[in-house]
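Trainee: I'm new to this one, so please pick a single part and take me through it slowly. I'd like to hear about the aromatic side chains and what surrounds them.

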Amino acid sequence: MDAGGGPAAANGGGGIEGPDDPCSSGSGAGAGGCRLSVHQIAGGGKAADIILWRRGRVTFGVIFGATVAWWLFEKSGLSFLTICCDVLLILIVVQFIRVKIAGLLNKQPRPLPELVLSEEMVSNAAASFRVKVNNMLMIAHDITLGKDFRLFFQVVLVLWLLSVIGNFCSSITLAYIGTIAVVTVPALYDKYQLHVDRYAGMVHRNISRHYKIVDENVISRLPRRLIRDKDE
């Protein structure tokens, strides 16, 4: 029993199954310390199982639903309000007919689940939303004051890339691509984690080296010039 459990704990998938042990013994890059698995980073719950294809039918359903929604919004030419109203209309009519048929056949219709938002659920969601908004505002404050130039450069780069991508595809297509990426990229990374980490480390070292050169030659001189302009 112990001999059979050893190899399972050594590979990449074995470290994911144990939620009580945050350390994966293989650890991928051979760092020898504790590191979170992809399943733990994704939350370790049902959502993580769906993202990592541990519930293949649900994941396939998410992809199918996203594809149908993308086709309806992008290719049908209908507006968002029209599609939402048509879907709600179909659901209401189907449910109404189903209840009437069950009454004619003297059968008890299947009860619908009660959709009720508890006060605790709303309070927790509001508190979590408030914390995230405050963090975003603090980050925006630091960026606008120039306290973190690296973060400023990253934000500018991301916004510029999104602006360029927005010229070639709509928001619906971008959301669809993001949904497909969420349910495919983590699973691929979980499968090929060792190779990805190795090449990502090489790219990170190259980028850090170039950034250090730019920081020493350009960025480090910017505050001094700004101070001179203020003094003048």
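Mentor: Let's start with the whole chain, then go to the rings and the helices around them.

This is a predicted model, so local features need pLDDT (the predictor's confidence in each residue, from 0 to 100) of at least 70 and side-chain atom pairs count only at pLDDT 80 or more, while totals for chains, interfaces and linings use all residues. Residues are numbered from 1 along each chain as its sequence is written, and side-chain values use heavy atoms, with hydrogens and water left out.

Across the protein chain the mean pLDDT is 75, with 78% of the residues at 70 or more. Watch the two ends of the numbering, though. Residues 1-32 stay under 50 in pLDDT, yet the model gives them 31 contacts (heavy atoms within 4.5 Å) beyond four places in sequence. Residues 225-231 also stay under 50, and there the model has zero such contacts.

The chain has twelve helices and zero strands; these are DSSP runs numbered from the N terminus, with H or I over at least four residues for a helix and E over at least two for a strand. Of the 232 residues, 10% are buried (under 20% relative accessible area, with exposed over 50% and partly exposed in between, using a 1.4 Å probe and protein chains only). Among contacts with a separation of 6 or more, 42% join residues 24 or more positions apart.

Now for the rings. The structure holds one aromatic pair, counted when ring centres of Phe, Tyr or Trp (its six-membered ring) lie within 6.5 Å; planes under 30 degrees apart are stacked, over 60 edge-to-face, and the rest tilted. The partners are Trp-70 and Tyr-176, stacked at 5.3 Å centre to centre with 20 degrees between the planes. Trp-70 belongs to helix α5 and Tyr-176 to helix α9 (residues 171-182), so the pair links parts of the chain 106 residues apart. Tyr-176 is partly exposed, at 21% relative accessible area.

Another ring has a charge for company: the charged end of Arg-198 sits over Tyr-199, 5.1 Å from the ring centre. That label takes NZ of Lys or CZ of Arg within 6 Å of the ring centre and within 35 degrees of the ring normal.

Back to α5, the helix that carries Trp-70. Gly-61 lies in α5 too, and with 37% relative accessibility it is partly exposed. From Gly-61 to Ile-50 is eleven residues in sequence and 10.0 Å in space, C-alpha to C-alpha. In the loop between α4 (46-51) and α5 (56-74) you'll find Trp-53. Trp-53 isn't a glycine, but its phi is positive, about 60 degrees, and the residue is partly exposed at 38%.

Next door in the numbering is α6, residues 80-104: at 1.5 Å a residue its 25 residues should span 36 Å (1.5 Å times one less than the number of residues), and its end C-alpha atoms are 36 Å apart, so the two agree. After α6 comes Asn-106, with a positive phi near 60 degrees.

Last, the cysteines: there are zero disulfides (cysteine sulfur pairs within 2.5 Å). The sulfur of Cys-84 has its closest cysteine sulfur in Cys-85, 6.9 Å away, which is too far for a bond. Cys-84 is partly exposed, at 28%.
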